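Please open the structure in your viewer and keep the selection tool at hand. The tour below proceeds stop by stop, stating what to select and what is found there.

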Amino acid sequence: MKTKEKRSRSGGILSAVVVLALLAALGVQVRGLRAQVESARAERDSYQTQVQQLEEKNASLTEDIEEGATQEKLEEIAREELGMVLPGEYVFYSVGG
């Protein structure tokens with residue numbers, strides 16, 4: 001009888017060890033999935049910010065198109081993008097950092 005009791009005890013201990021190992025493996029998997037979800041949420045938030053900025057820029061460009069080419073707009077583009085200077089104006093450049 002004692003050998004049967006020893007076998008059933010060792011079988012129960014072995015089962016418990018296997019169950020604990022499986023639970024530990026599942027815990028590690030859940031932790032990894034949680035990290036992936038957090039990373040995906042951060043990436044989503046970053047993309048939402050980019051989309052919002054691009055929508056604002058798009059709205060501004062749409063307004064410019066609807067307004068048409070005005071003298072002020074042409075002058076603004078010439079000054080900002082092409083470095084236009086009107087006669088009699090002085091331009092100072094910073095050579096330091």
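**A guided tour of two helices**

Begin by selecting Glu-67, which is located in helix α1. Please note that the model is a predicted one.

Now add Glu-63, Glu-66 and Glu-72 to the selection; together with Glu-67, these residues form a negative patch on the surface. Which helix gives the most to this patch? It is α1, which supplies 3 residues.

**Along helix α1**

Next, select residues 2-67, the extent of helix α1, and find Val-19 within it. Is Val-19 buried or exposed, or does it fall in between? Its relative accessible area is 46%, so Val-19 is classed as partly exposed, given that this class lies between 20% and 50%. Extend the selection to Leu-20, Leu-23 and Leu-26: with Val-19, they make up a nonpolar surface patch. The accessible area of these four residues together is about 400 Å².

**The salt bridges**

How many salt bridges does the structure hold? There are 5, and three of them are visited here.

For one of these, select Asp-64 and Lys-73, whose side chains form a salt bridge with an N to O distance of 3.5 Å. Asp-64 is partly exposed, at 27% relative accessibility.

Keep Lys-73 selected and add Glu-76. These two side chains also meet in a salt bridge, at 3.6 Å from N to O. Both residues belong to helix α2, where they are 3 residues apart, or about one turn of the helix. Glu-76 has a relative accessibility of 35% and is therefore counted as partly exposed.

Now select Arg-79 and Glu-75, where the salt bridge has an N to O distance of 3.2 Å. Arg-79 and Glu-75 are separated by about one helical turn because they stand 4 residues apart in helix α2. Glu-75 is partly exposed, with 29% relative accessibility. Which residues are joined into one network by salt bridges that share partners? They are Asp-64, Lys-73 and Glu-76.

**Final stop: Arg-79**

Finally, select residues 71-82, which constitute helix α2, and return to Arg-79 within this helix. Arg-79 is partly exposed, its relative accessibility being 30%. What does Arg-79 contact, if its neighbours within four places in sequence are left aside? Select Met-84, Leu-86 and Glu-89 to display these contacts.

Definitions and conventions: Residues numbered from 1 in each chain as written. Predicted model: local features only at pLDDT ≥ 70, side-chain atom pairs only at ≥ 80, totals over all residues. Heavy atoms only, no water. Patch = residues over 30% accessible without salt bridge, like charges linked within 9 Å, V, L, I, M, F, W, Y side chains within 5 Å. Areas by Shrake-Rupley, 256 points an atom, 1.4 Å probe, with all protein chains shown as cover. Helix = DSSP H or I, 4+ residues; strand = E, 2+ residues; numbered from the N terminus. Buried < 20%, exposed > 50% of the residue type's maximum accessible area, 1.4 Å probe, protein only. Contact = heavy atoms within 4.5 Å. Lys, Arg positive; Asp, Glu negative; His and termini not counted. Charge placed at Lys NZ, Arg CZ, Asp CG, Glu CD.
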